[in-house]
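Work through these exercises with the sequence and the 3D view side by side. Try each task before you read its solution.

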Amino acid sequence: MSGFLFHLGFRPPALPAFFSTHRGLAQSTKTSRVGLSVRGLLQSRPFSAYPRVLSRPVQSSRQTTSSLAKSGLYTSNLRRWLSSTPRSFSRRYQTRPPPPKREFLGFLDRIPQNVVFGGIIAINIVVFAMWLMAKAKYAQERDPSAILWMRDHFHTSWKNFSEGRVYTLITSVFSHLDWSHILFNGFTYFFMATPVLEILGSRQFILLYLGGGLISSISSLTYARMTGKGDYASHGASGAIYTIVTLLACVAPKLTFQLYGIIPVPAWLAVTGFFTYDMYRTISERTGTTDTVGHVGGILAGVGYYLGKRFRLF
């Protein structure tokens with residue numbers, strides 16, 4: 001308990017009186033070098049009717065020198081003991097501060113936030129350009145090899161997962177096939193990612209984006225497996241973006257979202273509507289082309305991240 005109090009900058013209640021007593025004794029002892037006693041009674045001489053010089057007992061020079069030497073040695077030793085007591089006491093009972101905790105992938109915090117923000121956009125644009133070139137090659141040469149390669153490495157499907165391409169759970173998050181897909185996701189990311197990035201910092205934002213995309217991909221993969229859709233494939237950053245939007249709505253539920261940049265809606269109502277709509281389409285429309293299961297997984301990932309931070313689970 002005393003080590004804990006010292007760590008916080010406090011001392012136990014008995015210590016100040018103890019140390020002040022010794023410091024007072026050391027201070028009074030210090031004056032003995034000029035003729036005062038330990039208790040300092042030079043000013044009260046009730047039995048002396050003579051001047052102060054005559055009231056002193058006559059001593060030889062050797063005795064005077066010896067007494068002064070002994071007094072000085074005693075005073076210096078006492079002062080040294082008293083001055084070392086607090087330090088030795090604190091050194092004995094004070095606990096060392098714990099070493100700084102190493103964060104998982106802590107080096108990511110050294111990346112500037114604008115680099116993280118622009119880097120994610122750049123990766124999506126590069127992968128989208130690869131899709132455009134693959135389509136152009138097929139349109140000109142009737143060679144589907146580029147498109148098949150892109151599907152093998154940038155689609156989440158049970159085929160890719162069973163063949164060992166587990167990394168497609170992440171690479172599919174940066175994959176968009178057409179202009180409307182990438183523009184809509186890019187528009188949402190551009191306006192929603194900045195406040196979340198400022199709140200979390202570079203490392204937490206990267207982990208949130210990739211983690212939300214990963215959970216979204218796993219949700220799609222699991223749903224395809226359960227419904228018997230072996231050829232079902234999904235891609236896109238919607239799941240990761242839904243995670244960001246949901247976390248922002250949990251942190252600031254009264255924040256106003258502008259749907260399509262026009263319609264003002266409270267954040268909590270917008271996310272609730274997204275979740276309800278995607279759940280309904282997942283249950284009622286099993287033949288749709290939109291990966292609504294991935295959207296639901298992204299929303300749940302955002303809620304889970306918020307609860308984990310709220311209750312300090314990580």
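**Exercise 1: A strand pair**

Task: Find how strands β3 and β4 run and how many bridges join them.

Solution: Start with residues 256-259, which form β3, and residues 263-266, which form β4. The two strands run antiparallel, and four bridges join them. Keep in mind that this model is predicted. Next, take T256 and look across: its bridge partner in β4 is P266. Then go to the hairpin, where three residues lie between the strands. There Y260 takes a positive phi near 60 degrees.

**Exercise 2: One side of a helix**

Task: Which residues of α5 are buried, and why do they lie on the same side of the helix?

Solution: First, list the buried residues of α5: I147, M150, H153 and F154. They cover an arc of only 140 degrees around the axis, so they sit on the same side of α5. The general rule helps here. An α-helix has 3.6 residues a turn, so residues three or four places apart point the same way. Finally, look for the cover: it includes α4, β1 (156-157) and α7 (168-171).

**Exercise 3: The largest core**

Task: Which helix gives the most residues to the largest nonpolar core, and what does F205 contact?

Solution: Begin with the core itself, which has 37 residues. F205 is among those with the most contacts inside it, as are I120, Y189 and I244. Several helices supply at least two core residues each, including α4 (113-141), α8 (179-200) and α9 (202-226). α10 gives the most, with eight residues. Now turn to F205. Leaving aside neighbours within four places in sequence, F205 is in contact with V116, I120, Y189, A193, V196, L197, L200 and I244.

Note on methods: Residues are numbered from 1 along each chain as its sequence is written. This is a predicted model: local features need pLDDT of at least 70, side-chain atom pairs count only at pLDDT 80 or more; totals for chains, interfaces and linings use all residues. Side-chain values use heavy atoms; hydrogens and water are left out. A nonpolar core is a set of buried Ala, Val, Leu, Ile, Met, Phe, Trp, Tyr and Cys residues joined through side-chain atoms within 4.5 Å. Buried means under 20% relative accessible area, exposed over 50%, partly exposed in between (1.4 Å probe, protein chains only). Contact means heavy atoms within 4.5 Å. Two strands pair if DSSP finds at least two bridges between them. The arc is that of the directions from the helix axis to the C-beta atoms.
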